[in-house]
Every structure is written in C-alpha cells, then in structure tokens.
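Reader: I am new to this structure and would like a close look at a single part of it. Please take one helix and go through what surrounds it.

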Amino acid sequence: MCRSIKTLRPPAQPEEATEEEIRAAALQYVRKVSGFRAPAARNREVFDRAVEAVAGATAELLDHLEVRGAPARRAS
C-alpha cells in the first residue's frame, strides 16, 4: 500500500501508542484509501466516521497484540 505509513509500535519493544498517534495513522489510512486529503463537505461525515472506526480497530489491535519476550499485559 504505502511505505510511508508510520509504525506505531516497534515489534521488539512494546510501547503505548498515544490516542493522537492512533488517530493520525487512521486519518492517513482513510486519506490513502479514499484518495482525498480533505473530503468535500458532502463526504465529511462518512470520512470522519471511517477515521473513528479505523482508530478504534487500531487501538483494539494494539491493546491485544502479544509480543514475544514482552511481559503479559493484564486486561484493564
């Protein structure tokens, strides 16, 4: 897809990605997929919903990844 998308968490070192980083990555993804840097007014709502959905899925993924050699994370 795009080689310039920023990695939020290096595989060898579990780090907490901030909500801001997750949202920025989601926005970058939606922009890439939609082909629009900024949507027209008529597409703003669906564009924003897509960013929120991708950000939510990203946060869930990062929260549940198991990294070899890292201490187990407890559910919060």
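Author: What follows is a walk along helix H1 and its surroundings in this predicted model.

Helix H1 runs over residues 19-34, which makes 16 residues. From its first C-alpha to its last it reaches 22 Å, close to the 22 Å expected at 1.5 Å a residue. After the helix comes Gly35, with a positive phi near 85 degrees.

Four residues of H1 are buried: Ile22, Ala25, Ala26 and Val30. They lie on the same side of H1, because the arc they cover around the axis is only 135 degrees. An α-helix has 3.6 residues a turn, so residues three or four places apart point the same way. The buried residues of H1 pack against helix H2, residues 44-64.

This packing can be followed into the core. The largest nonpolar core has eight residues, and Ile22, Ala26 and Val30 are among them. The others are Ala17, Phe47, Val51, Ala55 and Leu62. H1 and H2 each supply at least two residues of this core, and the largest share, four residues, comes from H2. In soluble globular proteins, nonpolar side chains tend to be buried together.

Ala55 shows the meeting of the helices at one position. Leaving aside neighbours within four places in sequence, Ala55 is in contact with Ile22, Arg23 and Ala26.

Arg23 also takes part in one of the three salt bridges that the structure holds. Its partner is Glu52, and the closest N and O atoms of the pair are 3.6 Å apart. The pair links distant parts of the chain, with Arg23 in H1 and Glu52 in H2, 29 residues apart. Arg23 is partly exposed at a relative accessible area of 36%, and Glu52 is partly exposed at 44%. Side chains of opposite charge can pair when their charged atoms come close.

Another residue of H1 to consider is Glu21. Glu21 counts as partly exposed because its relative accessible area, 28%, falls between the 20% limit for buried and the 50% limit for exposed. A polar atom of the Glu21 side chain lies 2.9 Å from the backbone nitrogen of Thr18. The C-alpha atoms of Glu21 and Ala55 are separated by 9.4 Å, although these residues are 34 residues apart along the chain.

On the H2 side, Asp48 forms a salt bridge with Arg44, the closest N and O atoms being 3.1 Å apart. Both residues lie in H2, four residues apart, about one turn of the helix. Glu45 and Arg49 form a salt bridge as well, with their closest N and O atoms 3.0 Å apart.

Conventions
Residues numbered from 1 in each chain as written. Predicted model: local features only at pLDDT ≥ 70, side-chain atom pairs only at ≥ 80, totals over all residues. Heavy atoms only, no water. Expected span 1.5 Å × (residues − 1). Buried < 20%, exposed > 50% of the residue type's maximum accessible area, 1.4 Å probe, protein only. Arc of directions from axis to C-beta. Contact = heavy atoms within 4.5 Å. Core = buried A, V, L, I, M, F, W, Y, C linked by side-chain atoms within 4.5 Å. Polar contact = N/O pair within 3.5 Å; in protein donor to acceptor, adjacent residues only side chain to side chain. Salt bridge = Lys/Arg side-chain N within 4 Å of Asp/Glu carboxyl O.
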